[in-house]
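Hi everyone, thanks for making time. Have a look at the sequence and the model on the screen, and then I'll walk you through a few details.

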Amino acid sequence: MIVLVAVSTFWMGPEDVKLRFPLGKDLLAIIIGVLGTILGFYYGSAGFGTAAPQALTISELAWNQESLPSGSKASIAGKLSGGTPPYQVELRYQPCWVEQVTKSLPTIAKVNGNSFIVEFNVPVFAEPESLVGFTVKANEKSGAALMFSGGALRFRKP
């Protein structure tokens, strides 16, 4: 390397340096660009830092907003994403006038891919009209669970 620098310094005149320096600079930029592309492609495709699986989420939750008669059938639908299928879905309810009581409804959960429908019989309450909060619980294959407080259902005596 030292020999090349010494030879190029002593055997070239100032006109040769003015001509060859921009060409050498361009050649060096091309070599660095090609090496950068090769190294970037190699390390980019080597599988380092593979993404972690997405967390389980519930979205597009839909239910009947009207007052439902006690004893009738009702359903709540939604979409699951993330996590690892197969999924299990459960519906829990909590009467709004009772703070600490949360009960599971006997439900039939139909999970098709990432969509689900939970069907249940509307419970019978003593009040003429009841506002009941509900929570959808979803489990994925690994056992991780997600609780989603969906909102409120309005039940009435038939």
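I'll start with the overall picture, then turn to confidence, a surface patch and some charged residues.

First, some housekeeping: this is a predicted model, where local features need pLDDT of at least 70 and side-chain atom pairs count only at pLDDT 80 or more, while totals for chains, interfaces and linings use all residues. Residues are numbered from 1 along each chain as its sequence is written, and side-chain values use heavy atoms, with hydrogens and water left out.

So what does the chain hold? The secondary structure comes to 2 helices and 9 strands, and from the N terminus the order is α-α-β-β-β-β-β-β-β-β-β. Helices here are DSSP runs of H or I with at least four residues, and strands are runs of E with at least two, numbered from the N terminus. Of the 158 residues, 23% are buried, meaning under 20% relative accessible area; exposed is over 50%, and partly exposed is in between (1.4 Å probe, protein chains only).

How far can we trust it? The average pLDDT, the predictor's confidence in each residue from 0 to 100, is 75 for the chain, and 75% of the residues score at least 70. Confidence is highest in H2, at 85, and lowest in strand S5 (residues 103–104), at a mean of 60. Where pLDDT is low, please don't read the predicted coordinates in detail.

Staying with helix H2, which covers residues 14–44, you'll find Ile38 there. Ile38 joins Leu27, Ile30, Ile31, Val34 and Leu35 in a nonpolar surface patch of about 570 Å². Patch residues have over 30% relative accessible area and no salt bridge; like charges are joined within 9 Å, and nonpolar side chains (Val, Leu, Ile, Met, Phe, Trp, Tyr) within 5 Å. Areas are from the Shrake-Rupley method with a 1.4 Å probe, and for residues only the protein chains shown count as cover.

Now the charges. The structure has 1 salt bridge, that is, a side-chain nitrogen of Lys or Arg within 4 Å of a carboxyl oxygen of Asp or Glu. Glu119 and Lys110 form it, at 3.6 Å, N to O. Glu119 is partly exposed at 30% relative accessible area, and Lys110 is partly exposed at 46%.

What about Glu140, in the loop between strand S8 (129–139) and strand S9 (145–156)? Glu140 is buried without a salt bridge, and the nearest side chain of opposite charge, Lys141, is 9.5 Å away. Lys and Arg count as positive, Asp and Glu as negative; His and the chain ends are not counted. Leaving aside residues up to four places away in sequence, Glu140 touches Leu56, Gly83, Thr84, Pro86 and Tyr87, with contact meaning heavy atoms within 4.5 Å.
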